[in-house]
Amino acid sequence: MLYLIIKETHYDNIENSYDIADFTQFGNIATDKLQGYILINQDKDITYSIVKYESPFDSKKIVEGADEHRNNS
């Protein structure tokens with residue numbers, strides 16, 4: 001699981017843009033990083049937030065499935 005620090009830039013006439021500013025595997029570190037980004041941000045058109053991201057794939061299961069397929073071939 002990853003915690004993504006998202007930078008959102010607000011525009012008046014077009015859709016907002018979203019960028020990954022940082023990431024970590026640890027929730028407490030993500031919170032600390034978010035607080036740091038918010039603290040140093042001086043642009044009123046930029047906001048930061050955290051998104052918890054879980055991959056839709058379990059890499060361990062994929063590897064196990066590949067091993068089983070190889071053994072059955």
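Select Ile46 and show what surrounds it: leaving aside neighbours within four places in sequence, Ile46 is in contact with Lys7, Glu8, Thr9, His10 and Asn41. Bear in mind while looking that this is a predicted model. Keep Ile46 on screen and add Thr9, which has Ile46 as its bridge partner in β3.

**The whole chain**

Now colour by secondary structure. The protein has two helices and three strands, and along the sequence they follow the pattern β-β-α-β-α. Switch to a surface view: about 6100 Å² is exposed, with 52% of it supplied by carbon and sulfur atoms. Of the 73 residues in the protein, 15% are buried. If you display contacts with a separation of 6 or more, 47% of them come from residues 24 or more positions apart.

**The sheet**

Return to the cartoon and select the three strands. They form an open sheet in the order β2-β1-β3, with antiparallel pairing. β2 and β3 are the edge strands, each pairing on one side only. From one strand to the next, the twist averages 30 degrees.

Take the strand pairs one at a time. Select β1 (2-9) and β3 (46-53); these two pair in the antiparallel sense over eight bridges. Thr9 and Ile46, where the tour began, are bridge partners here. Move along β1 to Leu4, which stands opposite Val51 in β3.

Then hide β3 and bring in β2, residues 17-24. β1 and β2 run antiparallel and are joined by seven bridges. The residue to pick on β1 is Ile5, which faces Asp22 in β2 as its opposite number.

Before leaving β1, colour the strand by accessibility. How many of its eight residues are buried? Six are, so β1 is mostly covered; a residue counts as buried under 20% relative accessible area.

**The nonpolar core**

Select Tyr3, Ile5, Ala30, Leu34, Ile46 and Tyr48 and show their side chains. These six residues make up the largest nonpolar core. β1, α1 (27-40) and β3 are the elements that give two or more residues to this core. Two members have already appeared on the tour: Ile5 belongs to the core and stands opposite Asp22, while Ile46 belongs to the core and is the bridge partner of Thr9.

**The salt bridges**

How many salt bridges does the structure hold? There are two.

For one of them, go back to Asp22 and add Lys33. Asp22 forms a salt bridge with Lys33, and the closest N and O atoms are 3.2 Å apart. What does this pair tie together? Asp22 lies in strand β2 and Lys33 in helix α1, so the salt bridge links parts that are eleven residues apart in sequence. Lys33 counts as partly exposed because its relative accessibility is 26%, and the partly exposed class runs between 20% and 50%.

For the other, select Lys44 and Asp45. Their closest N and O atoms are 3.5 Å apart in the salt bridge they form. Is Lys44 buried or exposed? At 75% relative accessibility, Lys44 counts as exposed, whereas Asp45 is partly exposed, with a relative accessible area of 32%.

**Last view**

To finish, show the sheet, the core side chains and both salt bridges together. The view then holds the strand order β2-β1-β3, the six-residue core, the Asp22 and Lys33 pair and the Lys44 and Asp45 pair.

Conventions:
Residues are numbered from 1 along each chain as its sequence is written. This is a predicted model: local features need pLDDT of at least 70, side-chain atom pairs count only at pLDDT 80 or more; totals for chains, interfaces and linings use all residues. Side-chain values use heavy atoms; hydrogens and water are left out. Helices (H or I, at least four residues) and strands (E, at least two) are DSSP runs, numbered from the N terminus. Buried means under 20% relative accessible area, exposed over 50%, partly exposed in between (1.4 Å probe, protein chains only). Contact means heavy atoms within 4.5 Å. Accessible areas come from the Shrake-Rupley method with a 1.4 Å probe; for residues, only the protein chains shown count as cover. A nonpolar core is a set of buried Ala, Val, Leu, Ile, Met, Phe, Trp, Tyr and Cys residues joined through side-chain atoms within 4.5 Å. Two strands pair if DSSP finds at least two bridges between them. Axes are lines fitted to C-alpha atoms, for helices over the stretch in contact, and angles run from 0 to 180 degrees between N-to-C directions. A salt bridge is a side-chain nitrogen of Lys or Arg within 4 Å of a carboxyl oxygen of Asp or Glu.
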